[in-house]
Amino acid sequence: RTLSAQLHESLVNNEFELLYQPQFDLMTGTITACEALLRWHPAHGGENVSPAVFIPLAERTDLIVQIGRWVMQQACGQVKRWQKKGINLRVDINVSARELVEPDYFARLDACRLSHGLTPQDIGIELTENILIKADNDVLEALKQQRQKGVEISIDDFGVGYSSLSYLRQFPVSHLKIDRTFLKDAPSKAYDSALMEAIVNVGHKLDLLIVAEGVETEEQARYCKELKVEYAQGYLFAKPLTVDAFEALFAKTS
Ligand code: G
Ligand code: G
Ligand code: MN
Ligand code: NA
């Protein structure tokens, strides 16, 4: 059977799992939020399939809309379960372009938060620049409304898409997540560090909070701190974790 056919059965068969990767406040060293990252364990397919493979496939077949609804439900449920244990964290979900153009996407998000007794601050959304640049007025207006309610909106993988800095001002976003390719060779390579520093400066001038992605070494973490980057996410701190592993880490760092 094709991967696509397997993917179609995966929702009913409960083959998806959300992992959570913490975001650390670089000043305090505490976990302030986390990103929900989808994993697929095909029941009959043996090997796990990377989201870099199955997300684009799901986007082509529109199955991403159903998957996205599952992710949203799951993330809301997890925030609530954590709150009951005294773990107060925002969970950010990744949203595909195909999901956003569903006319009821934001009504669903509001309803999902409400039915779990959550506030707008409890669930954030991550969008790539390319999604924002192609978004029509309806989507931009809906995003503005979400932002006004207090929803944290992050630009994901910042710097590798269109990256028109002048656009940035018009988008209702709160956080810039700098793509990990920029940090990879900074601070040792002058070219990469110049780009890192330029992005951080522009972001801060526009009152955006900065998240460094792909922080893998102490040196990179120190460098981000020197640049006054607010938050960091990466293997140095933790890879995407199961709920149990996340709770254990949270207990150690809070
Ligand atoms: O977790 P990993 O780095 O392998 O993810 C690969 C890609 O899949 C990333 O670009 C990430 O944003 C995307 N991704 C992970 N989980 C989700 C999800 O729940 N929904 C969508 N739309 N994309 C996701
Ligand atoms: O595109 P997006 O930023 O949503 O993708 C997140 C992906 O990046 C996750 O699949 C996660 O596994 C991966 N990731 C997270 N931290 C690191 C890191 O420090 N180094 C590398 N190479 N990948 C990372
Ligand atoms: Mn992301
Ligand atoms: Na990213």
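Two strands pair if DSSP finds at least two bridges between them. Helices (H or I, at least four residues) and strands (E, at least two) are themselves DSSP runs, numbered from the N terminus.

The model is predicted: local features need pLDDT of at least 70, side-chain atom pairs count only at pLDDT 80 or more, and totals for chains, interfaces and linings use all residues. Residues are numbered from 1 along each chain as its sequence is written, while chains are lettered from A and ligands numbered from 1 in the order in which they are written.

**Exercise 1. Follow strand β6 to its neighbours and state whether its residues are buried or exposed.**

Step 1. Strand β5 (residues 153–158) runs parallel to β6 and is joined to it by 3 bridges. One pair to locate is I155, whose bridge partner in β6 is L176.

Step 2. Strand β7 (residues 209–212) also runs parallel to β6, with 4 bridges between them. Here K177 has V211 of β7 as its bridge partner.

Step 3. A residue is buried if 20 or more other C-beta atoms lie within 10 Å of its own, exposed if 12 or fewer, and partly exposed in between, with C-beta atoms placed from the backbone. In β6 (residues 175–178), H175 and K177 on one side are buried, and so are L176 and I178 on the other; both faces of the strand are covered.

**Exercise 2. Find the order in which the strands close into a barrel.**

Step 1. The barrel has 8 strands, in the order β1-β2-β3-β4-β5-β6-β7-β8, and the pairing is mixed.

Step 2. For one parallel pair, take β3 (residues 90–94) and β4 (residues 123–128), joined by 4 bridges. N94 has E126 of β4 as its bridge partner.

**Exercise 3. Describe the overall build of the protein.**

Step 1. Count the elements: 12 helices and 8 strands.

Step 2. The radius of gyration, taken over C-alpha atoms, is compared with the globule rule, 2.2 Å times the number of residues to the power 0.38. The protein has a value of 18 Å, close to the 18 Å that the rule gives for 254 residues, so it is as compact as a globular protein of that length.

Step 3. Along the principal axes, the C-alpha atoms fill a box of roughly 50 × 45 × 40 Å. Of the 254 residues, 36% count as buried.

Step 4. Two residues are in contact if their C-beta atoms, placed from the backbone, lie within 7 Å. Among contacts between residues at least 6 apart in sequence, 65% join residues at least 24 apart.

**Exercise 4. Determine which residues of helix α5 are buried and where they lie on the helix.**

Step 1. In α5 (residues 105–115), the buried residues include Y105, L109 and R113.

Step 2. The arc is that of the directions from the helix axis to the C-beta atoms. For α5 the buried residues fall within an arc of 70 degrees, so they line one face of the helix. An α-helix has 3.6 residues a turn, so residues three or four places apart point the same way.

Step 3. The face turned away from the buried side carries the exposed residues A107, L114 and S115. Cover for the buried residues of α5 includes α3 (63–84), α4 (97–100) and β4.

Step 4. After α5 comes G117, with a positive phi near 65 degrees.

**Exercise 5. Identify what surrounds ligand 1 and ligand 2.**

Step 1. A residue is near a molecule or strand if its C-beta atom, placed from the backbone, lies within 6 Å of it. Around ligand 1 the residues include L37, L38, S50, P51, A52 and P240. β2 (31–40) and α2 (51–60) are the elements that give two or more residues to this shell, and α2 gives the largest share, 3 residues.

Step 2. Ala, Val, Leu, Ile, Met, Phe, Trp, Tyr, Cys and Pro count as nonpolar, Asp, Glu, Lys and Arg as charged, and the others, Gly among them, as polar. The shell around ligand 1 divides into 8 nonpolar, 3 polar and no charged residues.

Step 3. Ligand 2 is surrounded by 14 residues, the closest being D157, G214, E216, G234 and Y235. Its shell divides into 4 nonpolar, 5 polar and 5 charged residues.
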